[in-house]
Amino acid sequence: MSDFKPKSELVRVLVERGYMHQCTALDALDARAASGVITAYIGFDATASSLHVGNMMQIMMLRRLQQTGHKPIVVMGGGTTKVGDPSGKDASRQMLTVDAIAANMASIRKAFDAYLSFGDGATDAITVDNAEWLDQLGYLQFLRDYGAHFTLNRMLTFDSVRLRLEREQPLTFLEFNYMLMQATDFLELHRRYGCALQLGGSDQWGNIVNGVELIRRVEGVEAFGFTSPLVTTSSGVKMGKTAQGAVWLNADMRSPYDYWQFWRNTEDADVGRFLKLFTDLPLDEIARLEALQGAEINEAKKVLANETTVLLHGRAAAEAAAEAARSAFEDGKVSGDLPTVEVPRAQIEAGVQLAALVVDAGLAVSRSDARRLAQGGGLRLNDNAEPDAQRTVTLADLGPDGVIKLAAGKKKIVLVKPV
């Protein structure tokens, strides 16, 4: 890769900013992208009502694709969600009803408007649902048209299957068919829209290669697959995983303030990499920011938090989140933009253990975790260090704004509001 000099802006950007992991034919893809508009897709199964930060790598690759003059297709997995992708999982996916899948797709779709421009132009993004063709396939037709192009020998070597079997976890025949369905998606998108490239995470490599090979065998033309690396933090944690669960993209599932705080809490060693992957800042500005040392790196983290939140929620929400954080942490003030948890007033009136309140506020995963936080000096009640997580909190602890202010460490604040 050190000697590779991309001819196309698309491949140059993907390589320079850190999206490159594997590609089926990098030189050929580069030449194709340099010669004209290339259409590419990523599929998103509708297993929840929101995507999360773990999906951001794929969303940003589609954004880079469009920014460099190419056409993105967002494929909603109305069909594949009914089966379930076994990649990287030890258990079968919970089966959802058709109505639940439709509701999830409608909710997920909204997040893409923040990152892509949709329309009828040559490089405008489009959204399609793979149920349009997968639901129409009869089983015998599917076997006759596509089954002969896949061998069990090859399928058993792909990580999504091999690792599951090595861990002696059950893999249903339903899930085993997922890679065939994904390959069929690529072929159908090629036929309908001239799609020549599938993008995805590294766990999708086997599925993507199957689609590339199916198009070559059935249509006799070259298609391409490109995967991004699995994103983990410097401490080895999978991107987007927190003690409180997934970092959702939809504002009704995670507030702009909490989203801003997630990025503000990035580990020092990850700031430069995340600025490249998840913001539109120029590389020279990123180089300046990641070179900051000591306490100054916090300024780079604020830039990361601002830029990522602007992309998803807009500038007004990002500025409000930044100001709420500044007021809360630097001035000790209460802001309406801080995350708020409502609890029954009667519960506070009767008295509630602080540890239980801390868990309810999402600042600890258990009461014992809350006690350790307090004993370590990391728990604050109304801006005062509180070493005793077993103390009782009552209405007497309400501040002048009628709320109780809880903080874990220097970065997490939640308001508890009796209702």
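This passage describes the sheets, the aromatic contacts and selected surface features of a predicted model.

Two open sheets are considered in turn. One of them has six strands in the order β1-β6-β5-β2-β3-β4, and its pairing is mixed. At its edges lie β1 (22–23) and β4, each of which pairs on one side only. Strands of a sheet pair through backbone hydrogen bonds, in either a parallel or an antiparallel sense. Within this sheet, strand β5 (residues 197–201) and strand β6 (residues 224–228) run parallel and are joined by five bridges. Leu 199 stands opposite Phe 226, a residue of β6.

Towards the other end of the strand order, strand β3 (residues 71–76) and β4 also run parallel, with four bridges between them. Here Val 75 is placed opposite Val 128 of β4. In a regular strand the side chains alternate between the two faces of the sheet. Strand β4 (residues 126–129) shows such an alternation. Ile 126 and Val 128 point to one face and are buried, whereas Thr 127 and Asp 129 point to the other face and are not buried. Strand β3 also contains Lys 71. The relative accessibility of Lys 71 is 14%, and this residue therefore counts as buried, the cut-off for burial being under 20%. Lys 71 is separated from Ile 38 by 33 residues in sequence, yet the two lie 6.3 Å apart in space, C-alpha to C-alpha.

The other open sheet has five strands, arranged in the order β9-β15-β14-β11-β12, again with mixed pairing. Its edge strands are β9 (340–343) and β12 (384–385), and each pairs on one side only. Four bridges connect β9 with strand β15 (residues 412–418), and the two strands pair in the parallel sense. Across this pairing, Thr 340 stands opposite Leu 415 in β15.

Aromatic contacts were also examined. A search of the whole structure finds seven aromatic pairs. In one of these, the ring centres of Trp 263 and Phe 274 are 6.1 Å apart and the ring planes meet at 85°, so the pair is edge-to-face; planes over 60 degrees apart fall in that class. This pair links distant parts of the chain, with Trp 263 in helix α12 (residues 256–264) and Phe 274 in helix α13 (residues 271–278), 11 residues apart. Both Trp 263 and Phe 274 are buried.

Phe 274 forms a further edge-to-face pair with Phe 278, with 5.6 Å from centre to centre and 70° between the planes. These two phenylalanines both belong to helix α13, where they are four residues apart, about one turn of the helix. Phe 278, like Phe 274, is buried. Together with Tyr 259 and Phe 262, the residues Trp 263, Phe 274 and Phe 278 form one aromatic cluster. A contact between a charged residue and a ring is found elsewhere: Arg 109 lies over the face of Phe 118, at 3.9 Å from the ring centre.

A nonpolar patch is present on the surface. Tyr 139, Leu 140 and Leu 143 make up this patch, which covers about 330 Å². Tyr 139 is located in helix α6 (residues 139–146). With a relative accessibility of 49%, Tyr 139 counts as partly exposed, because the exposed class begins only over 50%.

Terms used
Residues numbered from 1 in each chain as written. Predicted model: local features only at pLDDT ≥ 70, side-chain atom pairs only at ≥ 80, totals over all residues. Heavy atoms only, no water. Patch = residues over 30% accessible without salt bridge, like charges linked within 9 Å, V, L, I, M, F, W, Y side chains within 5 Å. Areas by Shrake-Rupley, 256 points an atom, 1.4 Å probe, with all protein chains shown as cover. Salt bridge = Lys/Arg side-chain N within 4 Å of Asp/Glu carboxyl O. Buried < 20%, exposed > 50% of the residue type's maximum accessible area, 1.4 Å probe, protein only. Pairing = 2+ DSSP bridges. Phe/Tyr/Trp six-rings, centres within 6.5 Å; stacked < 30°, edge-to-face > 60°. Lys NZ or Arg CZ within 6 Å of the ring centre and 35° of its normal.
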